[in-house]
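This report introduces a protein structure to a reader who has not met it before. It turns to burial, the metal site, the other ligand and a few separate residues.

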Amino acid sequence: MEATLKFIEENKERFLEELKDYLRIPSISAKEENKKDMLKCAQFVVSKLKDAGVKKTKIYKTKGHPIVYGEWLGAKGAQTVLIYGHYDVQPPEPLELWKTPPFEPDIRDGQIYARGANDNKGQNFVHIKSVEAQMKTMGKLPVNVKFVIEGEEEVGSENLTNFIKEHKAMLKCDAVLISDTSLYAPGVPTINYGLRGLTYMEIEVTGPNRDLHSGSFGGAIANPINELAKIIASFHDKNGKVKIPNFYKDVKKITKAEKENIKALRFSDKKFAKEYGVRELQGEKGYSTLERLWTRPTLDCNGIYGGYTGEGAKTVLPSKATAKVSMRLVPDQDPKKIAKEFTKYVKAIAPKSVRVSVKEMHGGHPVAFPLDDPAIQAGAKAVGKAFGKKTVFTREGGSIPIVVDFRKILNAPVVLMGLGLDTDDIHSPNEHFSIDSFYKGIYSSVYFMEEFSKK
Ligand code: BES
Ligand code: MN
């Protein structure tokens with residue numbers, strides 16, 4: 001162990017340089033034009049796994065982007081840890097808001113800036129470096145490891161569920177380890193024990209069969225933008241509750257212990273509002289901010305478009321208007337059921353003067369894990385040791401849809417060892433990741449394998 005820790009200390013600069021190489025590959029899963037970069041990035045991950053001593057690797061082709069698999073099973077009779085991450089990233093737009101280009105990593109104030117720096121290259125690279133440090137100093141690991149690094153997380157992990165089902169025996173493990181979430185606050189060791197689920201919908205409102213002059217027709221023919229706005233305005237009541245029938249039907253109440261845990265985190269609404277430049281917070285009445293973010297379902301428009309949005313003014317009564325809507329779900333809501341209720345509600349409130357179509361995009365199940373699971377406890381011990389503080393337990397407002405499949409198909413506990421920060425601007429311009437967290441993550445991973453092997 002001493003030698004491993006020393007190795008990490010001595011190779012920090014190199015690790016960071018390699019992370020930069022990883023970040024230079026524009027592996028944007030949503031864009032057709034980056035298809036070649038996706039394969040290149042998968043090959044990069046494979047080469048890094050091999051360098052780390054994970055000699056058995058394979059790139060699995062899918063209908064979409066390739067999945068990287070690697071394993072080292074030299075710890076006979078010991079526990080097996082499956083490490084999951086994603087090498088794909090979100091599109092970097094709007095480009096003009098980046099201080100330095102998204103695929104030219106830049107280091108400023110102890111942070112590394114690039115698309116994917118946090119989500120998720122920086123966070124998954126931690127585990128590859130942890131394996132390398134152990135293999136190069138001890139020639140072995142205290143546990144068996146399997147890596148699954150996919151290329152479609154940011155577009156809904158559509159091909160990964162089947163991959164897990166088809167390779168259930170190969171992926172068999174005692175715990176799944178994922179770093180793709182956040183620390184509670186800078187320098188605070190954190191284990192996340194829950195993720196919200198997701199139902200993503202698109203509403204298209206069609207009025208007249210072509211764009212019309214807003215003077216000649218306004219007042220006689222319904223305007224799809226106006227009607228869409230009314231629909232959107234009908235999603236919440238004055239107390240911030242979602243008005244869709246049965247929306248809350250399957251929502252599980254949180255336990256008293258959990259309420260206490262959240263309270264003990266002493267979250268500051270004021271600081272939070274200030275950080276994001278809003279005068280005050282809003283949301284469902286009767287719940288604290290963290291309760292609303294982690295344990296209550298929500299509905300938000302993600303985009304709305306239609307009509308003339310160019311320079312200057314153009315008088316037009318548009319033919320179409322569209323909105324994209326996400327709903328974040330909590331246990332035991334079902335994404336498919338919620339999609340149905342949403343569709344029914346929108347159709348029911350839509351006026352006859354326009355045609356409304358509702359399309360279901362992707363979804364994911366919510367999860368919440370019991371804290372007393374030995375794998376989760378090992379994770380808590382490991383990060384506590386690496387960060388030198390008491391570990392806190394949090395849930396996340398975001399989603400990682402594949403987590404529920406790991407849990408159900410592989411029947412393994414999932415340890416969410418988040419290393420990012422909510423202020424890291426993931427999915428936004430100037431995404432960054434703390435270099436200190438990057439290194440502490442490597443130590444956390446080493447300690448986790450050590451700790452989990454004791455079981
Ligand atoms: N790493 C995020 C999940 C996340 C977000 C964790 C915020 C902690 C805080 C993940 O890559 C992600 O963005 N997931 C998507 C899923 C969707 C594309 C199906 C999400 O939550 O929007
Ligand atoms: Mn991610």
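A residue is called buried when its relative accessible area is under 20%, exposed when that area is over 50%, and partly exposed in between. The model described here is predicted. By the cut-off of under 20%, C173 is buried, because its relative accessibility is 9%. C301, in contrast, has a relative accessibility of 34% and therefore counts as partly exposed. The structure contains 0 disulfides.

**The manganese site**

The protein supplies donors to the manganese ion (ligand 2) through H86 (NE2), D119 (OD) and D180, the last of which is listed with OD twice. These protein donors lie 1.8 to 2.6 Å from the ion. Along the sequence, the donor residues follow the spacing H-x32-D-x60-D. H86 belongs to strand β3 (residues 80-86), while D119 sits in the loop between β5 (111-113) and α3 (121-138), so this pair ties together parts that are 33 residues apart in sequence.

How is the arrangement of the donor atoms around the manganese ion classed? The ion has 6 donor atoms around it, and the angles they subtend run from 51 to 163°, which makes the arrangement irregular. For six donors to count as octahedral, opposite donors would have to be over 155 degrees apart and all others between 65 and 115.

**The surroundings of H86**

Is H86 buried or exposed? H86 counts as buried because its relative accessibility is 0%. D119 is likewise buried. The side chain of H86 makes a polar contact of 3.0 Å with the side chain of D88. A further polar contact, of 3.5 Å, links the side chains of H86 and E153. When neighbours within four places in sequence are set aside, the residues in contact with H86 include N120, K121, N124, I149, E150 and E154. Also among them are D119 and D180, both of which are donor residues of the manganese ion.

**The surroundings of ligand 1**

Ligand 1 is surrounded by 15 residues, of which the closest are E153, D180, R328, S399 and H427. D180 thus takes part in two settings, as a donor to the manganese ion and as one of the residues closest to ligand 1. The table lists polar atom pairs between the protein and ligand 1.

| Protein atom | Atom of ligand 1 | Distance |
|---|---|---|
| E154, polar side-chain atom | oxygen | 3.1 Å |
| D180, polar side-chain atom | nitrogen | 2.8 Å |
| S399, backbone N or O atom | nitrogen | 2.9 Å |

**Two further residues**

F387 lies in helix α11, which covers residues 374-387. With a relative accessible area of 9%, F387 is buried. Leaving aside neighbours within four places in sequence, F387 is in contact with L183, G187, P189, L419, K440 and S444. F387 and T190 are separated by 197 residues in sequence, and their C-alpha atoms are 9.5 Å apart in space.

P370 is located in the loop between β13 (367-368) and α11. Its relative accessibility is 47%, so P370 counts as partly exposed. How far apart in space are P370 and M138, C-alpha to C-alpha? The distance between P370 and M138 is 34 Å, with their positions 232 residues apart in sequence counted as the separation.

Methods:
Residues are numbered from 1 along each chain as its sequence is written. Chains are lettered from A and ligands numbered from 1 in the order in which they are written. This is a predicted model: local features need pLDDT of at least 70, side-chain atom pairs count only at pLDDT 80 or more; totals for chains, interfaces and linings use all residues. Side-chain values use heavy atoms; hydrogens and water are left out. Donors are N, O and S atoms within 2.8 Å of the metal (3.2 Å for Na, K and Ca); water is not among the atoms, so sites may look incomplete. Four donors count as tetrahedral if all angles lie between 85 and 135 degrees; four count as square planar and six as octahedral if opposite donors are over 155 degrees apart and all others between 65 and 115; anything else is irregular. Helices (H or I, at least four residues) and strands (E, at least two) are DSSP runs, numbered from the N terminus. Buried means under 20% relative accessible area, exposed over 50%, partly exposed in between (1.4 Å probe, protein chains only). A disulfide is a pair of cysteine sulfur atoms within 2.5 Å. A polar contact is a pair of N or O atoms within 3.5 Å; within protein, one must be able to donate a hydrogen and the other to accept it, and residues adjacent in sequence count only if both atoms are side-chain atoms. Contact means heavy atoms within 4.5 Å. A residue is near a molecule or strand if one of its heavy atoms lies within 4 Å of it.
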